Amino acid sequence: MQAGRKVGTLFGIPLLIDPSWFFVVALVTFSNGTIWQATYPEWGAAVAWSAGLIMALLLFGSVLLHELGHSLVAKLQGIQVRSITLFFFGGIAAIEQEPKTPGKAFQVAIAGPMVSFGLFLLLSGVVLLLPGTESPPQVLLQRLAGINLILTLFNLIPGLPLDGGQVLKAIVWKVTGSQFQGVHWAARTGKTLGGLAIVLGVLETFGLSATLGLPEVGGLWVALIGWFVVQNASSYDRLTNVQEALLKIRAVEAMTREFRVVDAGLSLRQFADDHLLGTRAPIYFAVSDGRYRGMVLVEALPNIEHSQWQTKTVFEILQPLPDVPTVQESTSLMDVIRLMESQKLPRVTVLSPAGAIAGVIDRGDIVRSLSQKMNMRVSEEAIAQIKAEGSYPLGLQLDAIAQAAARNEE
Ligand SMILES: [Zn+2]
């Protein structure tokens, strides 16, 4: 849902509008215009339709204020808000990472409905103060107040991706101490409620609700919202499964021993002849006196005069061990990814508790161990391609997934 067009910036947050939003504006203008023209013939067509359009824009404003509620509370907690997007089903505030505690997650989640409820109270009050009855401003504001009440109640339905789902997540997180349990529960209720909405909506569309003694819910529209909720709840669930796996997998499980060890005292000539002509291992570490000295920078070899290859040793092209980016065997894959992405590294080196080189991890190794943990099949050819390209396949945004996880594990 990030595909929107940027139309401005509010409190430093880019405001995006998805093309599907214009469809909603047209729909709201049309439905209100038609109803008001019929209900209040004394208004005249021009006034009724203008009021319909103004209604659509005020709805836009209400949704925007709701999203700003979430966004500003997140910003107060020091969380970056990437964007606010308005689209077919309402608005989305894309925040950079999870709040750190269940209490803070609760505050971000409840802020939107609180704004909507506040608007309901405010607008209801203004309607009471306006003189006369059934003037266009009165009818308009009355309806807008009603819509804000619906926004409040609808969003508080306790299933992800709705705010009520975020609230439920925060509560389960608080009670169980596990953020992941919170997401799983809230996603489960989201999927259940969304599925129920699809069934009821479809039955009603086919005129079967009354026959079966089921409530009327709003037909195809509700089925569509149900589908949207199920899709999003499922993706929350999947995302959380990935984050859980990344936290559980230790570097020692993901690493390979795709490296070779050479003598640091070897002449560059000898090193090139012995190791770079045949099938080459991608990584070399150099030892001397029984200790690891560093990683061989094979790419630095051409910078050294050919005539000096006989006299100079591998020491000349060594990245000293303290400068090599390393992790411990017990480091989580989550932290391995964060380190690799923050420093734009092609790989990290894993050290044993004794400080020896235990293995190396590149992006291919990360995808392999993650897919094994999650029982997904990824072919060795695909892994080889990731290793060769040094980047994750399109659509697998592990860096963003690792960044988004709450850092409460620290
Ligand atoms: Zn909300």
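**Exercise 1. Describe how strand S10 pairs with S11, then place both in their sheet.**

Step 1. Strand S10 covers residues 347-351 and pairs with S11 in the antiparallel sense over 5 bridges. Strands here are DSSP runs (E, at least two residues), and helices are DSSP runs too (H or I, at least four), all numbered from the N terminus. Two strands pair if DSSP finds at least two bridges between them.

Step 2. Find a facing couple. Arg347 stands opposite Asp362 in S11.

Step 3. Widen the view. The open sheet has 3 strands in the order S9-S10-S11, with mixed pairing. Its edge strands are S9 (326-328) and S11 (357-362), and each pairs on one side only. From one strand to the next, the twist averages 35°.

A note on the model: it is predicted, so local features need pLDDT of at least 70 and side-chain atom pairs count only at pLDDT 80 or more, while totals for chains, interfaces and linings use all residues. Residues are numbered from 1 along each chain as its sequence is written.

**Exercise 2. Is Lys344 buried or exposed?**

Step 1. Locate Lys344. The residue is in the loop between helix H11 (333-342) and S10.

Step 2. Check the backbone. Lys344 has a positive phi of about 50°, although it is not a glycine.

Step 3. Apply the cut-offs. A residue is buried if 20 or more other C-beta atoms lie within 10 Å of its own, exposed if 12 or fewer, and partly exposed in between, with C-beta atoms placed from the backbone. Lys344 has 7 other C-beta atoms within 10 Å, so Lys344 is exposed.

Step 4. Repeat for Asn375. Asn375 sits in the loop between helix H12 (363-373) and helix H13 (380-389). Its phi is positive, about 55°, and Asn375 is not a glycine either. Asn375 is exposed because 6 other C-beta atoms lie within 10 Å.

**Exercise 3. Work out how many residues of H5 are buried, and what covers them.**

Step 1. Count. In H5, 10 of its 14 residues are buried, and the helix is mostly covered. Among them are Val167, Leu168 and Trp173.

Step 2. Name the cover. It includes helix H3 (102-129), helix H4 (136-155) and H6.

Step 3. Look at both ends. Pro161 lies in the loop between H4 and H5. A cis peptide bond joins Leu160 and Pro161, with omega about 10°. After H5 comes Gly177, whose phi is positive, near 80°.

**Exercise 4. Describe the packing of helix H5 against helix H6.**

Step 1. Give the geometry. H5 (residues 163-176) and H6 (residues 179-205) pack at about 140°, with axes 7 Å apart. Axes are lines fitted to C-alpha atoms, for helices over the stretch in contact, and angles run from 0 to 180 degrees between N-to-C directions.

Step 2. List contacts. Residues are in contact if their C-beta atoms, placed from the backbone, lie within 7 Å. The H5 side includes Leu168, Val172 and Trp173; the H6 side includes Val183, Trp185 and Ala186.

Step 3. Sort by class. The contact has 7 nonpolar, 7 polar and 1 charged residues. Nonpolar means Ala, Val, Leu, Ile, Met, Phe, Trp, Tyr, Cys and Pro; charged means Asp, Glu, Lys and Arg; the others, Gly among them, are polar.

**Exercise 5. Describe the packing of H2 and H4.**

Step 1. Their axes come within 10 Å and cross at roughly 35°.

Step 2. Contact residues include Ile54 and Leu58 of H2, and Leu144 and Ile147 of H4.

Step 3. The residues of this contact divide into 11 nonpolar, 3 polar and 1 charged.

Definitions and conventions
Contact = placed C-beta atoms within 7 Å.
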